[in-house]
Amino acid sequence: MSSFVLGRGRFAPIALFAVLCSAAAIRAEDGKVTVSVVAILATDQNAVIDKKLVKIAEEVQKLNPKLTGFHSPKETRKDIAINSKEKFELVDGQVVTITIEQAADAKNMNVLRVGPPTLGEITYMTICGKFLPIITEYKTKDGDILIIAIRVQPCRGK
Amino acid sequence: MTLDRTNPEKPPTPEELLAHADGELPAAAAEAAEAWLRAHPAAADDNQALHRLTGLCRDHAAPEPTPAAWDRTLQAIESRLAAPKPLPGRAPTLRIVLSLVAAAAILLLLTRVFWPTPLLPPPELGTDDEEPYAVATADEIVIVSMDPRNLSNLVVGGPPVEGELDLAEFDEVKVLDRKPNNDGQVPEMHQGGNVPMILPTGAWGGKED
């Protein structure tokens, strides 16, 4: 590559641009990204809401006001390699599979392929550092509804 | 090797027992020595002492000359090498000097090998300036997964997710592809609230097929 870039002057800008684009899509240090997954159980049996779940509770309650209690039985953070499929345990043996197809690009957008319990697979692009909630149809034996929130880090330049 | 497996009563020599304690005997000889030791429990104390000795030898390295001593030796050799070569008629003097240097080198080597190792005092526990069981600092611990309700029991480190969940905005999420599960369930992007959420089809306001 270096001989190509240096040896043929008119192609140098193109080659340099390609190198910069590929570098932008991969975390500089080790090619891994940090994925955080929060398992959330929503219930109509109490009105206790964990502090860190206040925002998400407000949004879910707009769709289903009967859900008054929100708590997180498990939160997980893993460093995973690009394009490797990783399982995150939730509750009752349920898992969500996550594949990072693209780490933060120049606009800090990541591409994830997610396989949540009871739902089909979904691939989406999202900003780094923020959570996207996924409501599943899984219910615990107590009737609590399983919600997942997923975040990818780091953002470029942080 | 004098261990005689055809004569189990023939005792191994002290050198063989020492080699056995040091793990240096070949497998067959070690097996013969162990058989002899099993048949002669009276030798157990001596054998245990040999194991202690070899353990001490392994755990305590022989004293090394200081770097300054090495430097002085090197300087001395270099100064001799840099000195004017003796005249042909003085060859016997050169031989004497070389002999002395060789003798000094041999003496140094022997000193290093056979210098008695000072026994280290047993470590003292419970002193004020020593920490018998060092506790990791927060920087050395990564909590991969936990029930956040147990946060108050966490002695070192932080939870996997700190603070309130910051939710993505609509212009920060874009669905690229969706696939149905075995029941035909296709996840939908909910657009009605203040933030995007993924929902099951046909429920929670999701679109019916």
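Strand S2 of chain A and strand S1 of chain B (residues 145–146) pair in the antiparallel sense, joined over 2 bridges. The model in which this pairing appears is a predicted one. Around the pairing lies a wider meeting of the two chains, in which 39 residues of chain A are in contact with 38 residues of chain B. The points below take up that meeting, and then turn to some individual residues of chain A.

**Where the chains meet**

- Within the pairing of S2(A) with S1(B), A:Glu75 is the residue that stands opposite B:Met146.
- The side of chain A that touches chain B draws two or more residues from each of several elements of chain A, namely strand S1 (32–43), helix H3 (54–63), strand S2 (69–81), strand S6 (122–127) and strand S7 (132–139).
- S2(A) gives the most to this side of chain A, with 7 residues.
- By residue type, the side of chain A that touches chain B divides into 18 nonpolar, 9 polar and 12 charged residues.

**Backbone features of chain A**

- The peptide bond that leads from A:Gln153 to A:Pro154 is cis, its omega being near 0 degrees, and A:Pro154 belongs to the segment after strand S8 (145–153) of chain A.
- A:Asn83, found in the loop between S2 and strand S3 (85–89) of chain A, has a phi near 70 degrees, which is a positive value in a residue other than glycine.
- A:Asn83 counts as exposed because it has 11 C-beta neighbours inside 10 Å, where the cut-off for an exposed residue is 12 or fewer.
- A:Asn108, in the loop between strand S4 (95–102) and strand S5 (109–115) of chain A, likewise has a positive phi in a residue other than glycine, here near 65 degrees.
- A:Asn108 is partly exposed because 19 other C-beta atoms lie within 10 Å, whereas a residue is called buried at 20 or more.

**The surroundings of A:Lys139**

- A:Lys139 lies in strand S7 of chain A, which is one of the elements that give two or more residues to the side of chain A that touches chain B.
- With 15 C-beta neighbours inside 10 Å, A:Lys139 counts as partly exposed.
- When its neighbours within four places in sequence are left aside, A:Lys139 is in contact with A:Asp144 and A:Ile145.
- The C-alpha atoms of A:Lys139 and A:Asp92 are separated by 9.7 Å, although the two residues are 47 residues apart along the chain.

Notes:
Residues numbered from 1 in each chain as written. Chains lettered and ligands numbered in written order. Predicted model: local features only at pLDDT ≥ 70, side-chain atom pairs only at ≥ 80, totals over all residues. Contact = placed C-beta atoms within 7 Å. Helix = DSSP H or I, 4+ residues; strand = E, 2+ residues; numbered from the N terminus. Nonpolar A, V, L, I, M, F, W, Y, C, P; charged D, E, K, R; others polar. Pairing = 2+ DSSP bridges.
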